[in-house]
Amino acid sequence: MVTTSLERAQKQKPELRGVGGMAFTELWERFSFYGLQSILAFYLLYELSEGGLGLPAAAAAGITGAYGGAVYLAQLLGAWAGERLVSPKTLVLGGGIVIALGHLVLAFSPGLFGLAVGLLMIVFGTGALKTNITSIVGFILEDEPAAKKDAGFSYFYMAINSGAVLGPLTTGFAQNQWGFHFGFGLAAVGMVLALIQYIYSARFLPERASQVTNPLPAAGVRKAGTLALVAIALVAAAAFGGLLKAERLASIVTIACLVAAAAYFALILRSSKVTAFERRRVASYIPLFLASGFYFGLLFAKFTAISLLIKERVDLSIGDWSFPVGWITMISSASGVAMLPVGAAIWKKMGPRQPKAGTKFAIGLVQIGIGFGYILLVSAAFAGSSIPFAYIIVFMFIMGSSEIFVGPIGLSLATQIAPKAFTAQMVAINFLTLALGSSLSGLLGQYFTVVSNNTYFLSIFAGAVVAGLALFALRKPIHRGLYAGIED
């Protein structure tokens, strides 16, 4: 479906060639990422006799949330490197290789040491790949009108969610049948396929993808290298000094995300290279950034709090067979895949009459809040007994389908309103919402361990709905600034 739609566009505009290749490269990269993430929390939680590491629930939630946040936080470095040091085209290739090696470490090196090394490699590899491949898609679509950009990024986002379905489907089955390390190995296979796809399709990319937009002088390269070594030394010292305990990781990454976002917004808003209209648009994006970060915190709770709920209270038995735990989170992504073409078609048909970004974000927040309201009722109805997994599947569908109002819209919006001097940085800021959401999901997972299920779901339901309604009430002044100077 992705390639069919893109092939039609390519017949009309030859310069669009290569979008399909990027979409499928991203599909396989997400296959490996979500394939790992779908079973990571359970690997941390399960006892040694079950093939896991037997960590406490709060530690498992902290590591899972911090890992997801660090993956997206590293993309700030990737975006910077793609403009100052190495071309986006080269960084995507190098990042893919490091990711594949990281998954192989997880597959063949058991225990906490192998886990730490493998996850760190994936963090840095994804940092190099993720933002730069999105920037490349933005280069290809930069001359298209807003409605077509939304549709194009929706198809790209559909590829992301397709990988997010296929990854857990296969790694979850492998884990269920043969153990966690077989699942990690399959994630490595997915990344190798991504590299093959990318090398083939890279020849269709525009020249801009092979260029370093703003090369760093030699002195700047030396300074950056020194700062990198200092940062590595500080992190290593903190780790050996016992400051980076598992329970603290999600908090540390959340603070780092907020500090990084504040620094990036300040840099852009104070830059003399930014016009008055561009500055106004970026300032108006800040409330949407916070709303998106909160939204993804709730969505990614499926990897933390909901994983804990599944382990503690959900009956996965189907006769003598157990439904793979990795398949539960897949339902959320599968519903996104199912709904994204529908959303893209609706936005394209409505054209300029479609709701603007703030309205779409508000709808997404309210919908995911309703999902938590639903699971609150389910939790109360089955108090003191196991919850049939069919109810969790419905909950995952409600959550996942809400993503069409936030995920692809945020990607498209970042490229539309980005100042010309800070295109990659705006894409990185958009991915910071995922970093913030991932680390926030770790904190939400830890919150889940200290309150009752009903209290947890009630507070999340109320928070999401109130946030969505507040954003809807403020949509008009936000939109006036957000689209200032942009011709429809």
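Me: Why is F372 called buried?
Reply: Buried means under 20% relative accessible area, exposed over 50% and partly exposed in between, with a 1.4 Å probe and protein chains only. F372 has 0% relative accessibility, so F372 counts as buried. Please keep in mind that this is a predicted model, where local features need pLDDT of at least 70, side-chain atom pairs count only at pLDDT 80 or more, and totals for chains, interfaces and linings use all residues. Residues are numbered from 1 along each chain as its sequence is written, and side-chain values use heavy atoms, leaving out hydrogens and water.

Me: What is F372 in contact with, leaving aside its neighbours within four places in sequence?
Reply: Contact means heavy atoms within 4.5 Å. Among the residues in contact with F372 are L298, F395, M399 and F461.

Me: What makes the chain as compact as a globular protein of that length?
Reply: Here we set two values side by side. The globule rule is 2.2 Å times the number of residues to the power 0.38, and the radius of gyration is taken over C-alpha atoms. For 488 residues the rule gives 23 Å, and the chain has 21 Å, close to that, so the chain is as compact as a globular protein of that length.

Me: Where does pLDDT stay under 50?
Reply: pLDDT is the predictor's confidence in each residue, from 0 to 100. The chain averages 85, and 93% of the residues score at least 70, but over residues 1-7 pLDDT stays under 50. Where pLDDT is low, the predicted coordinates should not be read in detail.

Me: How many of the 488 residues are buried, as a percentage?
Reply: Buried residues make up 56% of the chain.
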